[in-house]
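Here are a few short exercises to work through with the model open beside you. Try each task yourself before you read its solution.

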There are 2 protein chains.
Amino acid sequence: MQAKQAIIQAARRLFYTRGFEKTSFSELAEAAGVPKGNFYYHFKSKDDVLKAVLEVRHGDISDALAKWSENIDTPELRLSRFVEMLTKDQEDLAHYGCPTGSLLTELGKKRGDLKPMVVAIMDQYLSFVAEQWRRLGYSQAKAQSLATRLLAHCQGAVLLAHAYEDPKLLVREVKSIKLWIKESLPKN
Amino acid sequence: MQAKQAIIQAARRLFYTRGFEKTSFSELAEAAGVPKGNFYYHFKSKDDVLKAVLEVRHGDISDALAKWSENIDTPELRLSRFVEMLTKDQEDLAHYGCPTGSLLTELGKKRGDLKPMVVAIMDQYLSFVAEQWRRLGYSQAKAQSLATRLLAHCQGAVLLAHAYEDPKLLVREVKSIKLWIKESLPKN
DNA sequence: GTCTATATTATGATAGAC
DNA sequence: GTCTATCATAATATAGAC
């Protein structure tokens with residue numbers, strides 16, 4: 001039971017830094033300190049390991065967003081906190097890209113029920129962001145449209161930062177996104 | 001010599017629709033109508049095939065951008081034409097993602113000289129877009145910053161459209177990008 | 001130059017001893 | 001429940017006949 005958690009944690013990092021397909025059981029076994037024959041007691045396939053990782057990620061993100069909704073006072077500040085993810089994780093993001101975005105492109109061209117699980121994570125982000133604009137007074141449709149745009153800008157910024165391996169690019173884009181958020185607030 | 005071109009064309013499509021790593025020589029051979037043992041007469045490795053594909057893509061994009069610079073009258077219209085790529089290829093983009101963006105994430109976590117070749121393609125886009133803003137009167141720094149933002153928005157939009165397999169999302173985002181371009185023109 | 005047959009290696013997955 | 005030994009498969013790559 002402890003081995004299972006060790007595998008999930010090792011997989012979470014390795015699938016992110018090396019990619020899902022390129023991570024082999026051998027690497028995973030070594031990183032988790034578990035002999036590879038033992039995997040199939042805990043998981044029935046490699047896809048199954050990823051499924052477990054995605055469930056953990058989904059839960060973590062859900063918790064984080066709930067906490068922000070609770071602890072941060074205004075929708076505007078919540079949006080700020082959201083984009084600040086890009087600066088807080090700038091090193092990892094510039095080296096390995098966005099965990100969600102990378103998986104989406106990797107699994108996008110694949111069969112199966114894995115992609116929907118990644119899309120579900122993206123959905124969490126999208127509805128959190130959309131909700132903030134709703135609270136600011138926008139219609140559901142307008143809030144959704146602003147949310148899509150914000151998320152697109154974030155994802156694109158990470159992709160470019162990853163391309164040029166430049167964390168500073170993220171810092172600059174976050175500034176520009178925050179400015180755009182201010183401009184997008186409803187005029188009172 | 002004709003076989004070589006057939007391989008490159010087949011690889012170009014397959015690397016895009018299925019991904020580079022997931023495309024095997026067997027598939028490539030079948031699609032190109034060439035026995036797989038024959039590959040190594042034309043290319044010394046799989047990476048070498050991708051290199052050839054990237055050279056072709058680089059050339060094609062270079063030609064297209066040059067043509068736009070020549071045939072389209074104003075910088076503003078050139079920027080519009082640039083983002084219209086997203087609507088023209090909306091079906092492919094929603095199904096398979098951006099050819100450049102996908103490769104970036106796939107090769108980003110990999111050794112070697114392949115990633116720089118993809119970054120070079122991104123650079124072509126970036127400098128084309130930046131140049132248009134330069135011509136509109138912005139400083140080099142400001143033009144560069146606007147170009148990064150535009151490209152990020154495009155890449156992010158394609159990623160989301162790919163996630164939700166929704167070509168319409170691209171149509172909506174292109175509208176919003178064009179609006180933003182208008183707003184970003186220098187006030188005379 | 002073209003193609004067949006094969007080598008080599010690494011993978012995901014199993015069987016079964018303890 | 002844990003671990004060793006091994007399987008089956010598929011991949012990239014090569015040797016060598018024509």
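## Exercise 1: The DNA strands

The residues of the surface near DNA strand D divide into six nonpolar, six polar and two charged. Keep in mind that this is a predicted model.

**Task.** Find which residues are the closest to DNA strand D, then find which come nearest to DNA strand C.

**Solution.**
- Step 1. Start with DNA strand D, which has 14 residues around it. The closest are A:G37, B:S24, B:F25, B:G37 and B:Y40.
- Step 2. Move on to DNA strand C, which is surrounded by 14 residues. Those that come nearest are A:S24, A:F25, A:G37, B:P35 and B:G37.
- Step 3. Sort the surface near DNA strand C by class: six residues are nonpolar, six are polar and two are charged.

## Exercise 2: Two copies

**Task.** Work out how chain A can be laid on chain B.

**Solution.**
- Step 1. Superpose the chains: a turn of 180 degrees, with a shift of 0.0 Å along the axis, lays chain A on chain B with an RMSD of 0.0 Å.
- Step 2. The two copies are therefore related as by a two-fold rotation axis.
- Step 3. Now compare the interface residues. Of those in chain A, 100% are also interface residues in chain B, so the copies meet through the same surface.

## Exercise 3: Where the chains touch

**Task.** Decide which element gives the most to the side of chain A that touches chain B.

**Solution.**
- Step 1. Take the contacts: 33 residues of chain A touch 34 residues of chain B.
- Step 2. List the elements of chain A that give two or more residues to this side: α1 (2-18), α7 (99-108), α8 (114-135), α9 and α10.
- Step 3. With 15 residues, α9(A) gives the most.
- Step 4. Class the residues on this side of chain A: 13 are nonpolar, 14 polar and six charged.

## Exercise 4: A helix pair

**Task.** Describe how α9(A) and α10(A) pack.

**Solution.**
- Step 1. Locate the helices in chain A: α9 spans residues 140-164 and α10 spans residues 167-184. Their axes lie 9 Å apart, at an angle of about 165 degrees.
- Step 2. Angles over 145 degrees count as roughly antiparallel, so α9(A) is roughly antiparallel to α10(A).
- Step 3. Add the handedness: the crossing of α9(A) past α10(A) is right-handed.
- Step 4. Pick out the contact residues. From α9(A) they include A:L146, A:L150, A:H153 and A:Y164, and from α10(A) they include A:P167, A:E173, A:I177 and A:S184.
- Step 5. Class the residues of this contact: eleven are nonpolar, two polar and one charged.

Definitions and conventions:
Residues numbered from 1 in each chain as written. Chains lettered and ligands numbered in written order. Predicted model: local features only at pLDDT ≥ 70, side-chain atom pairs only at ≥ 80, totals over all residues. Axes fitted to C-alpha atoms, helices over the stretch in contact; angles between N-to-C directions. Helix = DSSP H or I, 4+ residues; strand = E, 2+ residues; numbered from the N terminus. Parallel < 35°, antiparallel > 145°, perpendicular 65-115°, else oblique. Left-handed = near helix turned anticlockwise from the far one by under 90°. Contact = placed C-beta atoms within 7 Å. Nonpolar A, V, L, I, M, F, W, Y, C, P; charged D, E, K, R; others polar. Near = placed C-beta within 6 Å. Least-squares fit on C-alpha atoms with pLDDT ≥ 70 in both.
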